[in-house]
2 protein chains.
Amino acid sequence: MALRDEMVNLAKKAKEAAREMAVLSSRVKDMALMEMAEALTGQIAYLVIENEKDVKRAKEMGLSAAMIDRLTLTPARIHDMARGIREVAALPDPVGRITSMWRRPNGLLVGRMRIPLGVIGIIYESRPNVTSDAAALCLKAGNAVILRGGSEAINSNVAIAQVLRQVVAKHGIPEGAIQMVSVTDRAAVYELLQLDEYIDLIIPRGGEELIRAVVKESRIPVIKHYKGVCHVFVDEDADLEMALQICLNAKVQRPGVCNAMETLLIHEKVAPVFLPQVARALEEVGVKLRGCPETRKILPHIEAATEEDWYAEYLDLILAIRVVPNLTEAMDHIARYGSNHTEAIVTRDYSRAQEFLNKVQSSTVLVNASTRFSDGFELGLGAEIGISTTKLHAYGPMGVEELTTTKFIVYGEGQIRT
Amino acid sequence: MALRDEMVNLAKKAKEAAREMAVLSSRVKDMALMEMAEALTGQIAYLVIENEKDVKRAKEMGLSAAMIDRLTLTPARIHDMARGIREVAALPDPVGRITSMWRRPNGLLVGRMRIPLGVIGIIYESRPNVTSDAAALCLKAGNAVILRGGSEAINSNVAIAQVLRQVVAKHGIPEGAIQMVSVTDRAAVYELLQLDEYIDLIIPRGGEELIRAVVKESRIPVIKHYKGVCHVFVDEDADLEMALQICLNAKVQRPGVCNAMETLLIHEKVAPVFLPQVARALEEVGVKLRGCPETRKILPHIEAATEEDWYAEYLDLILAIRVVPNLTEAMDHIARYGSNHTEAIVTRDYSRAQEFLNKVQSSTVLVNASTRFSDGFELGLGAEIGISTTKLHAYGPMGVEELTTTKFIVYGEGQIRT
């Protein structure tokens, strides 16, 4: 009960803060952001010391080297965090913009005005940089944020949030604007997820298990993606040299991220020529291939793909390959096994490209480009708070604008309804 | 377990249908809609007979006269339903529209294309017209719909859905497009709410209790409003004759709906003059008034308002009245007691009107117009599937466009990420 009260108090404070934040001027927000960036780099020694406590405990607990790496804050990483905040400051402010306006026959002037969502809860794991990224993006869009990082990074997260909050307070931004849940008990998350009266949106970032647990318990809308099973389809008239470069980039440029290619689909007409080329290039850089029966007729040395492989998000140097008889079956495969994340077609045929763009319902669909561009910064959103495969106001990479909604505004001259 | 399987099958069929529906041409959808309207009026006798079964049972069960009225289908009401569908057919098709497009420094052409949400679950009570309204709006926006009406209207709803499905099938639209849950067991709703793999959005329409139960159980995002505690604020420099007409209209034109005024806020400078006028006009048409202490100094004959009155959605000829010392306290009252639905200010001062429009975060904010205009049709959206006080892609009245989202489309010429 004490925990519940603590979370309610925190959420109430956030909601109160959100009301004031909704009408902050862009100038106040941007100046606070610039100073937040400065404060982080000014406090490197303190942040590193706090982070070392987390790293020490993580080592004692035997966490994997990859996890410890993600957890570790170095001066260079703190400078990156500061740069991220400055980039957010430089973005246009979405709040207050009138997105459209029209006049009704009775003379009413009706418009839509962009407003903050209100209070956003971010539930995340290990990487402490999410703390500053999320705080900056939410502030820019006029939202209060409740941050709940993983217990393994608690000292780092609390330290970062504290540095940021001190700056915010100096600019007259209410102290409820950035809140960190310092209770490491998982029950705290559960309590937060019940507070739909105070919190408008939950964004979980982390493994599929964490996200599924959040979705199950939350009374608040959740925007998330479980995984990225991204496809590249090499069409019959693809430029094969272009296709090769795109496949290599999509698979190996950074295999551990959600927009890396996990399954390659190849039109049967180009398979005999293209498969040996792409296999050679991928295997040279260490990629393990798993193929459908048709693929293995051409590449008999590779492992057979099982049904599970088509659903797999390897996040590793492994690739599933399937030969398909036509564009329709490529799209059927994507609809069946895909995760609504990102898909690309390589083709020289404009009408087939257009068909793929129109029919594939994933959140990002590309023609003749690497799946790795499915990223808020790369697409031009400026910065990213996550990727959504939930079909709401945000679908695909989410930037500052996706942390807002619109309200109706109406100017009348005494109109009443008859 | 059988129930669970039944719901999964139904949701799977809807998801398969949704994939085909996403690429239906506007012409096919509109022709089907026009014929759906015709089929309803052509089958009046059948629909009335089925409805009589529900009405008979409702009477036996002793339902209130108001509930029985809402449940009853007459030929005139069926003609209204048909007209509603024709109006939806006449709306522009949002699907496939490119909402914006920009070029990145690396030459990538990035855009956003409007697409259907996918599968929408509508959970509603009594009024059988929701069945045809929701089916039409969802079809127009390219979504499959799963309809789950109240058990009291089961025969009517099944009959309406059957008439509509027959038409849809003739136009080559998949039969999963419009599905009606005919199981009246409440457990069916619970099972549906778990199926976030197949269903993209839940829209509950009905009493607050129903909606809270849906929000609690759902793993799928829910767009809803619990209630409409709408305010009119009469400012110090309001045109008092205009204010009187707006207050009367907002309170009595249709008191039983969510956009009717429930609390009147009056600036203390005009209270002595305006309160007696507005009280007389409202009491003449049978409105019972409840006031704050300041109000009762001027209107000693009225009942005292309690703390509960400020939160109340009366849906009846009752009005709470509060005198406030200034605009800020009016807005504070709205933030504290309001429901994010609809608020109006009556003022001749442009800068105060603008302050109210900017600072009040409710989904519809009006200047010098009745709260009764907070309605999809009145605001120019064409038709309405509900009103959202959830701050997502829909906030306020929801039309066809709010049944869609956007995906990113990217045209490249072989770009890879470096």
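Here is a friendly conversation about how the terms used for this predicted model rest on its values.

User: What should I know before we begin?

Analyst: This is a predicted model, in which local features need pLDDT of at least 70, side-chain atom pairs count only at pLDDT 80 or more, and totals for chains, interfaces and linings use all residues. Residues are numbered from 1 along each chain as its sequence is written, while chains are lettered from A and ligands numbered from 1 in the order in which they are written.

User: Why is Asn340(B) called buried?

Analyst: A residue is buried if 20 or more other C-beta atoms lie within 10 Å of its own, exposed if 12 or fewer, and partly exposed in between, with C-beta atoms placed from the backbone. Asn340(B) has 26 other C-beta atoms within 10 Å, so it counts as buried. Asn340(B) sits in the loop between helix H14 (327-337) and strand S12 (342-346) of chain B. Its phi is near 65°, a positive value in a residue other than glycine.

User: And what makes Leu315(A) partly exposed?

Analyst: Leu315(A) has 15 C-beta neighbours inside 10 Å, and therefore counts as partly exposed. This residue also has a positive phi, about 55°, although it is not a glycine. You will find Leu315(A) in the loop between helix H13 (307-311) and strand S11 (318-324) of chain A.

User: How do you know whether Ala394(B) is buried or exposed?

Analyst: With 25 other C-beta atoms within 10 Å, Ala394(B) is buried. It belongs to the loop between strand S14 (386-388) and strand S15 (396-398) of chain B.

User: Which residues does Ala394(B) touch?

Analyst: Two residues are in contact if their C-beta atoms, placed from the backbone, lie within 7 Å. Leaving out residues up to four places away in sequence, Ala394(B) touches Ile223(B), Ser388(B) and Glu402(B).

User: How do you know that the length of helix H5 of chain B agrees with what a helix should span?

Analyst: Helices (H or I, at least four residues) and strands (E, at least two) are DSSP runs, numbered from the N terminus. The expected span of a helix is 1.5 Å times one less than its number of residues. For the 16 residues of H5(B), residues 75-90, that gives 22 Å, and the end C-alpha atoms are 23 Å apart, so the two agree.

User: What makes the buried residues of H5(B) line one face?

Analyst: Those buried residues are Ile78(B), Met81(B), Ala82(B), Gly84(B), Ile85(B), Val88(B) and Ala89(B). Seen down the helix axis, they fall within an arc of 150° (the arc of the directions from the axis to the C-beta atoms), so they line one face of H5(B). In general, an α-helix has 3.6 residues a turn, so residues three or four places apart point the same way. The buried residues of H5(B) pack against helix H2 (26-42), helix H3 (44-60) and helix H6 (129-140) of chain B.

User: Why is strand S6 of chain A called mostly covered?

Analyst: In S6(A), residues 201-205, five of its five residues are buried. Leu201(A), Ile203(A) and Arg205(A) are buried on one side, and Ile202(A) and Pro204(A) on the other, covering both faces. In a regular strand the side chains alternate between the two faces of the sheet.

User: How do you know that S6(A) pairs with strand S3 of chain A?

Analyst: Two strands pair if DSSP finds at least two bridges between them. Five bridges join S3(A), residues 119-124, to S6(A), and the two run parallel. Within that pairing, Gly121(A) has Ile202(A) as its bridge partner.

User: Which strands of the 10-strand open sheet are called edge strands?

Analyst: They are strand S1 (98-103) of chain A and strand S10 (303-304) of chain B, each pairing on one side only. The sheet runs in the order S1(A)-S2(A)-S16(A)-S13(B)-S12(B)-S7(B)-S8(B)-S11(B)-S9(B)-S10(B), with mixed pairing. S10(B) pairs with strand S9 (residues 288-291) of chain B in the parallel sense over two bridges, with Gly291(B) opposite Ala304(B).

User: How many residues does each chain give to the contact between them?

Analyst: Chain A supplies 61 residues and chain B supplies 61 residues. On the side of chain A, the largest share, 11 residues, comes from S16(A).
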